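Trainee: Got a minute? I'd like to go through this one with you.
Mentor: Sure, pull it up.

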Amino acid sequence: MSVAGARAAAGQALPPHRLPRLIPPEGPLALAEHLERYGPVPFSDAAAGPGRDTLISEVEQSGLTGRGGAGFPAGRKMRAVAQAGRRAGPLRSQVGTVVIANGAESEPGSTKDRMLLARAPHLVLDGIALAAEAVGATRAYLCLHETSDGVDRILSSAISSRERAGLNRLPIQVVMIGGGYVASQETSLVSFINGGAGKPAFVPPRPSDKGAHGRPTLVQNVETLAHLALIARYGPSWFRKVGGGAGSALVTFGGAVHRPGVYEIALGTPLSDLLRQAGGPTEAPQAIQAGGYFGGWIRYQDALDVPVSDPGLRAAGASLGPGILVLVPASACGLAETARVVGYLAEQSAGQCGPCFNGLPALADALWELAYGRADRDTLGWATRLLSLIARRGACHLPDGTAALAASTLRVFADELGRHTAAGPCNRVRRPGVLPVPGHPDVRA
Amino acid sequence: MSRRTARASLRVNPIACQAHGLCIELLPELVRADPWGYPLIRQGPVPEELLPLARRAVAACPTLALLLARDD
């Protein structure tokens, strides 16, 4: 009998055989409905629970990767925090660790975390509780962005109902963070919780060694924790049943499609299938911008057969990031779209690292010239040189990600670039922007 | 790996670095200036014969932003 089968026989709800696994059609799912749908929370002392060290092994076996953008193996991160917590202190006592659930979702093109939290708050809270037990945490935080309207109330009320049901084995504090793009980076969250400015920090020390309150800290995206809550119930082989072993993922599909929104897909689903689910293009398509603003571009004709997974999208010159796909129509100019986004990213610099706060505005200016101005080959040469001057030279990945997006733009829109440098900007630069840029009048989130 | 043969690399803490440029002056073999005066470090382990000079550059940094770390 399979693990999932054994657990189902032990009185738990049957594992979902089809997608969606995470997001119910309506919500928020109340605690009773949640427990009916997924079964009881498998704490280590529960009859069919996997137990403390077992959960970390199961998460490792599942191959679950972080769903906040970086894609780091979730089990490896948990093991590092658990080990750091077990290091004996001077009094030979075990140090309690901390769990931070990251639901701040600062990628302008992403709404999947907000939707997950609004529809299935208890799945995320289960994930926090189970991860906390596995890494020996004594306190937990759930970070939300101050603009994620109403989600904080849903979560606070969910935490209260768990209190009444005796499911809160450690305090979970909801923390509202402000700030922009880099404020949800994991060292920024640690800094904010520690009373700092909420800006990225230099590593080492990594949060897994020394994070919130100086304690070993596990920072996981809320979707990652929701998957973890299901792996704890149904086992790693159940998780691997879809997506060729990679599992499922939430993606936000935006831009010129008939039904923009959040979709849960089996990783590796061809982009054409997902595009069909999203109702197809609303006008003649040109390209897909994938992976958020640390991602890249794929020409439409090259994109249809691409598997929507990190390896699949990387092979095509982009990435999965936090699961963002935007269809950009032929009526838009790819150079202008990127110039607007890089202008936004340059404003997001925390102003801490010289190569970032000097290099990003310089890159934004160069791209603006190439898109809207009278740029020549020298501008292109300078833009290209800037890419190598900013990549890997910041404390966080803002410079690297911005350079990657710009590099992808110069590659994919090389023909457009040739026309702009020869004859000036095309007419399409005046079209309202497709890629969402907060605070910009053209925003279409 | 013994301490004698351990390889080490230079790294900049970009938050601490304020482009004073002492490392660029003291260790031009491995550090040059970017257009804004911040150090660009040559990638890879520091050659054995440059280790004493690298240590001197690390010690001279007024913001303790230059680090010499053993490669793991």
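Trainee: Okay, which two strands does the 5-residue hairpin join?
Mentor: That hairpin runs from β5(A) to β6(A). Helices (H or I, at least four residues) and strands (E, at least two) are DSSP runs, numbered from the N terminus. Keep in mind that this is a predicted model: local features need pLDDT of at least 70, side-chain atom pairs count only at pLDDT 80 or more, and totals for chains, interfaces and linings use all residues. Residues are numbered from 1 along each chain as its sequence is written, while chains are lettered from A and ligands numbered from 1 in the order in which they are written.

Trainee: Do β5(A) and β6(A) pair in the parallel or the antiparallel sense?
Mentor: Antiparallel: β5 (residues 248–255) and β6 (residues 261–266) of chain A share 6 bridges. Two strands pair if DSSP finds at least two bridges between them. A:Ala249, for one, has A:Ile265 as its bridge partner in β6(A).

Trainee: And what about β5(A) with β11(A), parallel or antiparallel?
Mentor: Those two run parallel, joined by 4 bridges, with β11 covering residues 324–329 of chain A. There A:Thr252 sits opposite A:Ile324.

Trainee: How many residues of β5(A) are buried?
Mentor: 8 of its 8. Buried means that 20 or more other C-beta atoms lie within 10 Å of the residue's own, with C-beta atoms placed from the backbone; 12 or fewer is exposed, and in between is partly exposed.

Trainee: Which residues sit on each side of β5(A)?
Mentor: One side has A:Ser248, A:Leu250, A:Thr252 and A:Gly254, the other has A:Ala249, A:Val251, A:Phe253 and A:Gly255, and both faces are covered. In a regular strand, side chains alternate between the two faces of the sheet.

Trainee: Switching topic: over how many bridges do β2(A) and β3(A) pair?
Mentor: Over 6, in the parallel sense, between residues 137–145 and 172–177 of chain A. The chain gets from β2(A) to β3(A) through helix α7 (residues 151–164), a right-handed β-α-β crossover. Right-handed means that, with the strands pointing away from the viewer, the path from the first strand over the helix to the second runs clockwise.

Trainee: Now chain B. In what order do its elements run?
Mentor: β-α-β-β-α-β from the N terminus on, so to speak 2 helices and 4 strands.

Trainee: What is the radius of gyration of chain B?
Mentor: 12 Å, which agrees with the value near 11 Å for a compact globule of 72 residues. That radius is taken over C-alpha atoms, and the globule rule is 2.2 Å times the number of residues to the power 0.38. Of those 72 residues, 24% count as buried.
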